Amino acid sequence: MLFDDSYQTVTGPVEGFFKDKGSKFLAYSFPIEGETDAKTHLATLRELHPKAVHHCYAYRLGADRMSYRMSDDGEPSGTAGRPILNTLYSKNVTNILVVVVRYFGGTLLGVPGLINAYKLATEDALNQSEIVTRHFYNLYHLKFSYPQMNDVMRIVKEMELPVREQVFEMECRLIAEVRVASTERFIARCEQIEGLSHSLLTSG
């Protein structure tokens, strides 16, 4: 396999904690599929911690280092979002959001202190998380007539494709997850079935 379509992420929400000179840093990590998930979790945490002075975060999507977003949320530039993101890189996890909620303790920590605090809070959350290997996949929409169903389901079974939706009537349709590394083989097999149409819905 030339292309490695696997990645590491967390299995579920986990909390981490760090305290320095009275300031409390509550770190929350979440597995996410996209920007919408990140916004939902952020909104929930803002409701949960309305009195916190900062909700700093970073999230990363996909395998490259270009798909990310971060926010210092009022902290000095580069002292919060960047340390959180760098920790995600160093732990080699993606499709993940980490939000660090800060309650100010009355004593300024300075730039080095802040960088350290956001880094260690993030590390604490990730160290408590269960890290799993998952695979990037594309969603394909298949359309075919009823007599072709056995041929289509043979592909699904032999390639072990998770099925998201299926409708079996005179005109059948099916939405399946295809691992990125298996896409060429999948398309080649689909093209051997006369009258079967396949279209890419989303890639991820």
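**Exercise 1.** In this predicted model, find the residue of β10 that stands opposite Gln-166, then place the pair in its sheet.

*Solution.* Start with the partner: Gln-166 faces Leu-174 of β10. Next, look at the strands: β9 pairs with β10 (residues 171-179) in the antiparallel sense, over 4 bridges. Now widen the view: the open sheet has 4 strands in the order β9-β10-β8-β11, with antiparallel pairing. β9 (163-167) and β11 (197-203) each have a single partner strand, so they are the edges, and one side of each lacks a neighbour in the sheet. From one strand to the next, the twist averages 20 degrees.

**Exercise 2.** Work out which strands helix α4 lies across, and at what angle to β8 the helix runs.

*Solution.* Follow α4 (residues 149-158): this helix lies across β8 (137-145), β9 and β10, at about 165 degrees to β8. Then turn to α5 (residues 183-190), which packs on the sheet and touches β8, β10 and β11. The direction of α5 makes about 5 degrees with that of β8.

**Exercise 3.** Identify the bridge partner of Phe-25 in β6 and describe the sheet around the pair.

*Solution.* The partner is Arg-102. Their strands, β3 (residues 23-31) and β6 (residues 96-103), pair in the antiparallel sense over 8 bridges. Zooming out, 5 strands form an open antiparallel sheet, ordered β2-β3-β6-β4-β5. β2 (14-20) and β5 (68-71) have a single partner strand each, so they stand at the edges. Here the twist averages 15 degrees from one strand to the next. Finally, add helix α3 (residues 110-128), which lies across β2, β3, β4 and β6 and runs at about 150 degrees to β2.

Note on methods
Residues numbered from 1 in each chain as written. Predicted model: local features only at pLDDT ≥ 70, side-chain atom pairs only at ≥ 80, totals over all residues. Heavy atoms only, no water. Pairing = 2+ DSSP bridges. Helix = DSSP H or I, 4+ residues; strand = E, 2+ residues; numbered from the N terminus. Axes fitted to C-alpha atoms, helices over the stretch in contact; angles between N-to-C directions. Contact = heavy atoms within 4.5 Å.
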